[in-house]
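These are my notebook entries on a structure that I looked up. I set down each point in the order in which I considered it.

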Amino acid sequence: MQLINPGMVQEMLDSLKNQDLYIHLEMTTGAYASHNDSSKFTASTFIHNGVVRYSQGSIAGFGPYRVGLKMEQGWVYSQGLTHFEETETDRLIMAGHDSDGKLVVALQLSRQPF
Amino acid sequence: MEKHILVVFPHPDDESFGTSGTLAKHIQAGTQVTYACLTLGEMARNMGNPILANRVTLPELRRKELEESCRAIGIQDLRLMGLHDKTVEFEDQEMLTSRLRALIDEVKPSLIITFYPGYAVHPDHDATGAAVIRTVTAMPKKERPKVHCLAFSNGCEKILGKPDVLVDVRDYLPQKFASIRAHQSQFRWETSGQSELDKAVLERFSQERFWTYHFE
């Protein structure tokens, strides 16, 4: 994974619009958050291979980044994205890693199931 | 001596911290070990630091790390059960029970090692332990293998009492540390603030603790 290049991400978002896509979207505090520190709250959520289609998608911010995808009936939103896979040519792999390198958030889009 | 140990955990690296010394000790004494690892830990948030993988490539990396860990311990038989991380409690429980039963019938373990359901913090750990207990409970009493459980939830000793099986693994620390190092995407001493040479670490890692599960 490399630090996000917003121009490359925007190009990919444009090339993926107006078609059915598989999405992986998640956010997690880690399964041991409250076990390790009782003041913390353990929460995580993911959708793996849900199907979405958006007509307008863009990346915003100066890093960490936000991405919003406008769908016919709603939105996909993700904040805190720091890294992407620049070698991927027809799918978008993005994640937000904290200062320890731990993944906190992920957003992935592909024409094929993950 | 145990003839055959069946280890059932949900994630690659679950074998490392709590049982790798015990397994290495048994293996050196001639025990066969089958390790059924239910998932590839594909939802782990640790991806190494610097980052070694992404959500797409992590499962394959963790599979390789698991194989390396098994080699370090000497585990002869690794079974990847193909479930998805975080979903064990939501899986078809009958399917899980029947697959575990088939594995027990095949390898005929004298001992099973798993997590203590309800006292193992991660929902996958609890669900894995519960599936093992359910499977063994359904067996005729005379055929049931012993079950040793790992528990580490806060305050678990207040309810379960002290662990009744204490294994001295100080002679097997090289295998244990190699197993831990194999999972480089998940744990690195450099970022833990500790080292394999710390006296406190050596002390803590030299003993592994299990609770015998009492059926009925």
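Before the first entry I record one definition: a salt bridge is a side-chain nitrogen of Lys or Arg within 4 Å of a carboxyl oxygen of Asp or Glu. I also note that this is a predicted model.

Entry 1: the salt bridge. I looked for salt bridges across the interface of chain B and chain A, and the rule finds one. In this salt bridge the side chain of Glu26(A) meets that of Arg55(B), at 2.3 Å from N to O. I then looked up the polar contacts across this interface and noted eight residue pairs, with both residues at pLDDT 80 or more. On the side of chain B that touches chain A, I listed 10 polar, seven nonpolar and four charged residues.

Entry 2: the extent of the contact. Chain A contributes 25 residues to the contact and chain B contributes 21. Between them, the chains bury about 1900 Å², and 60% of this area lies on carbon and sulfur atoms.

Entry 3: the fold of chain A. I found nine strands and two helices in chain A. Their order along the sequence is β-α-β-α-β-β-β-β-β-β-β. Among contacts in chain A between residues at least 6 apart in sequence, 56% join residues at least 24 apart.

Entry 4: the dimensions of chain A. I noted that the C-alpha trace of chain A spans about 45 × 25 × 25 Å along its principal axes. The radius of gyration of chain A is 14 Å, which agrees with the value near 13 Å for a compact globule of 114 residues. Of the 114 residues in chain A, 39% are buried.

Terms used. Residues are numbered from 1 along each chain as its sequence is written. Chains are lettered from A and ligands numbered from 1 in the order in which they are written. This is a predicted model: local features need pLDDT of at least 70, side-chain atom pairs count only at pLDDT 80 or more; totals for chains, interfaces and linings use all residues. Side-chain values use heavy atoms; hydrogens and water are left out. Contact means heavy atoms within 4.5 Å. Buried area is the accessible area (1.4 Å probe) that two parts lose on being put together, summed over both. A polar contact is a pair of N or O atoms within 3.5 Å; within protein, one must be able to donate a hydrogen and the other to accept it, and residues adjacent in sequence count only if both atoms are side-chain atoms. Ala, Val, Leu, Ile, Met, Phe, Trp, Tyr, Cys and Pro count as nonpolar, Asp, Glu, Lys and Arg as charged, and the others, Gly among them, as polar. Helices (H or I, at least four residues) and strands (E, at least two) are DSSP runs, numbered from the N terminus. The radius of gyration is taken over C-alpha atoms; the globule rule is 2.2 Å times the number of residues to the power 0.38. Buried means under 20% relative accessible area, exposed over 50%, partly exposed in between (1.4 Å probe, protein chains only).
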